[in-house]
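Visitor: I would like a close look at a single part of this model, with the surroundings described where they help. Please take the wording carefully and give the cut-offs as you go.

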Amino acid sequence: MSTAAALQTLSARRLALTARTPRQILVPLLTPIMFALVIAPALKEALGGLGSHIDYTAFVAVGTVGLLVPLTAMFAGLSVIVDRDSGAQRELLAAPIPRGLLVIGNLVVALGVAALQVIVLFAFAIVRGADFHPTAGGIVWFIAASILFAVFMYGMAETLAARVPKQEEYIGATPAIAILPWFFAGALFPIGALPGALTAFAKVLPLTHALAVMRYGLLGDHGDNLHAIWGSGSATAQAALSVGVVALFAVALIAISIRVFSRSAAA
C-alpha cells in the first residue's frame with residue numbers, strides 16, 4: 001500500500017470513530033457559539049466594545065477560534081487513548097506502514113472537524129451581526145494562522161495522550177492546556193490591558209500570535225494586535241513573523257508527538 005493510500009485509510013477510519021454522528025461534531029461548538037451569540041454582544045453592550053473602529057463582536061468571534069480549536073484537538077487526543085485501550089491501535093501498529101502515519105491520519109481528521117466548526121462559528125457570528133472586513137490576502141493570513149495553530153494544538157494533544165496512561169488524567173490536564181492560555185492571549189481584550197508581566201508572558205504564547213494574525217486578516221485592524229506584540233513597523237512583516245512563530249511551534253510539536261507516539265507504542 002502506498003503512503004497516500006495508507007493515510008487515506010487511516011484518516012477515514014479515524015473520521016468514522018470520532019465524527020460519525022452530528023452530536024460528536026456539534027457538542028464542542030456549544031461553548032464557542034455561546035460566546036459568539038451571547039457573551040460577546042453582552043460585553044460589547046456593557047463595556048462599550050474596544051473604543052475603536054473594530055467591531056467587538058467580530059473581535060471576540062475571532063478570539064473564540066482560540067478556544068474552539070484547542071478543545072477540538074484535545075477531544076481528538078482523548079479518542080487516541082480510547083483507541084489504545086480498547087480499540088484497534090495494536091493491530092494498526094502491526095501493519096507495514098510508518099507509525100507516524102497514524103498520528104498524521106488523526107491530525108487530518110482533527111483539522112477537518114476544526115475547520116467545519118470554525119465555519120459554523122463564523123456563520124453564527126455573522127447572523128448575530130459581527131462586522132468582518134476580509135480581503136483575499138486577509139483570508140490567506142487567517143487560514144495559515146488557524147491551520148498552523150490547529151497543528152500545534154493537535155501535536156500537544158497527541159503527545160499528552162501518548163504520555164498519559166488514563167483518560168481521567170488526560171481530562172484533568174485539558175483545562176490547563178486548552179482553556180487557560182485563552183485568557184492570556186488577547187481573546188476577549190488586547191494583551192496591552194494585562195499587567196506588564198502577563199503581557200510579556202502573553203507574547204510568547206503561540207495562541208497570541210495566531211489570534212493577532214487572524215484579526216489582521218479578517219478585521220481590518222491595520223495590525224493593531226500585531227503591533228502589541230512586536231512594536232511599531234510593517235504589519236505585513238509582523239504577520240509573517242507571527243506566522244513563523246506559530247509554524248515553529250507546530251512543526252516542533254508534531255515532530256515530538258510522532259516520536260513520543262512511536263516510542264510509547266514500542267514499549
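Visitor: Why does leucine 26 count as partly exposed?

Guide: Leucine 26 counts as partly exposed because its relative accessibility is 45%, and this class lies between buried, under 20% relative accessible area, and exposed, over 50%, with a 1.4 Å probe and protein chains only as cover. The model is a predicted one, in which local features need pLDDT of at least 70 and side-chain atom pairs count only at pLDDT 80 or more, while totals for chains, interfaces and linings use all residues. Residues are numbered from 1 along each chain as its sequence is written, and side-chain values use heavy atoms, without hydrogens and water.

Leucine 26 belongs to helix H2, residues 22–26, where helices (H or I, at least four residues) and strands (E, at least two) are DSSP runs numbered from the N terminus. Although 91 residues separate leucine 26 from glutamine 117 in sequence, their C-alpha atoms are 7.7 Å apart in space. The protein chain around this helix has 12 helices and zero strands, and of its 267 residues 48% count as buried.

Helix H6, residues 100–127, leads on to the second largest pocket, since H6, H4 (56–86) and H7 (136–163) each supply at least two residues of its lining. H6 gives the largest share, seven residues. This pocket (an open set of points on a 1 Å grid over the protein atoms alone, where a 1.4 Å probe fits, with protein on both sides within 12 Å along at least five of seven lines, and with lining residues that have an atom within 4 Å of a point) holds about 370 Å³ of space. Of the 18 residues in the lining, those closest to the centre are Val118, Phe122, Phe142, Ile143 and Ser146. By class, the lining divides into 17 nonpolar residues, one polar and no charged.

Ile143 appears again at the surface, where together with Ile139 and Ile147 it makes a nonpolar patch of about 240 Å²; such a patch joins nonpolar side chains within 5 Å, from residues with over 30% relative accessible area and no salt bridge, a salt bridge being a side-chain nitrogen of Lys or Arg within 4 Å of a carboxyl oxygen of Asp or Glu. Isoleucine 139 sits in helix H7, and it counts as partly exposed because its relative accessibility is 38%.

Helix H4 also carries arginine 84, which is partly exposed because its relative accessible area is 28%. The C-alpha atoms of arginine 84 and alanine 161 are separated by 9.5 Å, with their positions 77 residues apart along the chain.

Two later residues complete the view. Phenylalanine 249, in helix H12 (residues 235–266), counts as partly exposed because its relative accessibility is 30%, and its C-alpha atom is 8.9 Å from that of valine 151, 98 residues away along the chain. Leucine 211, in helix H10 (residues 206–218), is buried because its relative accessible area is 0%, and it lies 9.5 Å from serine 242, C-alpha to C-alpha, at 31 residues apart in sequence.

Key:
Grid points are joined across faces, edges and corners, and a volume is the space filled by probe spheres set on the points. Ala, Val, Leu, Ile, Met, Phe, Trp, Tyr, Cys and Pro count as nonpolar, Asp, Glu, Lys and Arg as charged, and the others, Gly among them, as polar. Patches are made of residues with over 30% relative accessible area and no salt bridge: like charges are joined within 9 Å, nonpolar side chains (Val, Leu, Ile, Met, Phe, Trp, Tyr) within 5 Å. Accessible areas come from the Shrake-Rupley method with a 1.4 Å probe; for residues, only the protein chains shown count as cover.
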